[in-house]
Amino acid sequence: MTAPWLDRTAIDFMLDDCETWAVVGLSDNPARTAYSIAALLQQRGKRIVPVHPDAPTVLGEQGYASLADIPFPVDVVDVFRRSESAGQFADEAVAIGARAVWFQLGVVDEEAFKRTVKAGLPMVMDTCPAIEWRNRR
């Protein structure tokens, strides 16, 4: 049985129907996984929004220090943070009216998953858009 946070419908919704992805933990360091995944999202036609305390411009997109600072609607909050600190970003995603939450490979917070789904947002954890696009072939 698949974990409830690897729901195919939720994954497909985010990959197919969501355009603006706030990438939490995205810096201008090309050696970091968040950078390469953000670049892939752009290649797939998504708008990325860097969310990092330093608010750097990354891959040509203006960064913001927090999700609450983003002055336009966000579809997916994509979290590149350790599991123990990731849950707050799921809560912030709900607070800003995002449409979905994605926790990257290795990031799992079951309580955050329960809160987010209860609030009406689909949530995916412990996988990566690159993996999910590859699995569709």
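**Stop 1: Leu59**

Select Leu59 and colour its surface: Leu59 is partly exposed, at 25% relative accessibility. You will find Leu59 in the loop between E2 and E3. Keep in mind as you go that this is a predicted model. What is the sign of phi at Leu59? Phi of Leu59 is positive, about 50°, although Leu59 is not a glycine. Most residues other than glycine have a negative phi.

**Stop 2: Asp126**

Now select Asp126, in the loop between strand E5 (123-124) and H5. Here is another residue other than glycine with a positive phi, this time near 60°. Asp126 is partly exposed, with a relative accessible area of 30%.

**Stop 3: two glycines**

Move on to Gly45, which follows H2 and has a positive phi near 90°. Then select Gly120, in the loop between H4 and E5. Is Gly120 buried or exposed? Gly120 has a relative accessible area of 59%, and over 50% counts as exposed, so Gly120 is exposed. With Gly120 still selected, add Ala100 and show the distance between their C-alpha atoms: 8.9 Å, for two residues 20 apart along the chain.

**Stop 4: the whole chain**

Zoom out and switch to a cartoon view. How many helices and strands can you count? The protein has five helices and five strands. Walking from the N terminus, you pass them in the order α-β-α-β-β-α-β-α-β-α.

Next, look at the overall dimensions. The C-alpha trace spans about 40 × 35 × 25 Å along its principal axes. A compact globule of 137 residues would have a radius of gyration near 14 Å, and the 13 Å of this protein agrees with that. Of the contacts with a separation of 6 or more, 59% are between residues 24 or more positions apart. Turn on the surface, and about 6800 Å² is exposed, with carbon and sulfur atoms supplying 48% of it. Buried residues make up 47% of the 137 residues.

**Stop 5: helix H2**

Select residues 33-43, which form helix H2. Which residues of H2 are buried? They are Ala34, Ile37, Ala38, Ala39, Leu40 and Leu41. An α-helix has 3.6 residues a turn, so residues three or four places apart point the same way. Show the neighbours too: E1, E2, E3 and helix H5 (129-135) are among the elements that cover the buried residues of H2.

**Stop 6: the nonpolar cores**

Hide the surface and select Leu67, Ile70, Val77, Phe103 and Met123. In the largest nonpolar core, which has 25 residues, these five touch the most other members. Which elements each supply at least two residues of this core? They are E1, strand E2 (47-51), strand E3 (76-79), helix H3 (83-96), E4 and helix H4 (110-118). The largest share, four residues, comes from H3.

Another core, of 23 residues, lies apart from the largest one; Leu15, Phe80, Ala100 and Cys128 are among its members.

Return to Met123 and show what surrounds it. Leaving out residues up to four places away in sequence, Met123 touches Trp5, Met14, Ala90, Val101, Phe103, Ala112, Phe113, Thr116 and Val117.

**Stop 7: the aromatic pairs**

The structure holds three aromatic pairs, and we will visit two of them. Select Trp21 and Trp102 and show their side chains. Their ring centres are 5.7 Å apart and their planes meet at 45°. Why is this pair called tilted? Planes under 30 degrees apart count as stacked and those over 60 as edge-to-face, so the 45° of Trp21 and Trp102 makes the pair tilted.

Follow the backbone from each ring: Trp21 lies in strand E1 (residues 20-24) and Trp102 in strand E4 (residues 100-103), so the pair ties together parts that are 81 residues apart in sequence. Trp21 is buried at a relative accessible area of 0%, and Trp102 is buried at 0% as well.

Now select Tyr64 and Phe72. This pair is edge-to-face, with 6.1 Å from centre to centre and 80° between the planes. Tyr64 counts as buried at 17% relative accessibility, since buried means under 20%.

For the last selection, keep Phe72 and add Arg47. Arg47 lies over the face of Phe72, at 3.8 Å from the ring centre.

Methods. Residues are numbered from 1 along each chain as its sequence is written. This is a predicted model: local features need pLDDT of at least 70, side-chain atom pairs count only at pLDDT 80 or more; totals for chains, interfaces and linings use all residues. Side-chain values use heavy atoms; hydrogens and water are left out. Rings of Phe, Tyr and Trp (its six-membered ring) pair if their centres lie within 6.5 Å; planes under 30 degrees apart count as stacked, over 60 as edge-to-face and the rest as tilted. Buried means under 20% relative accessible area, exposed over 50%, partly exposed in between (1.4 Å probe, protein chains only). A charge sits over a ring if NZ of Lys or CZ of Arg is within 6 Å of the ring centre and within 35 degrees of the ring normal. The radius of gyration is taken over C-alpha atoms; the globule rule is 2.2 Å times the number of residues to the power 0.38. Contact means heavy atoms within 4.5 Å. Accessible areas come from the Shrake-Rupley method with a 1.4 Å probe; for residues, only the protein chains shown count as cover. A nonpolar core is a set of buried Ala, Val, Leu, Ile, Met, Phe, Trp, Tyr and Cys residues joined through side-chain atoms within 4.5 Å.
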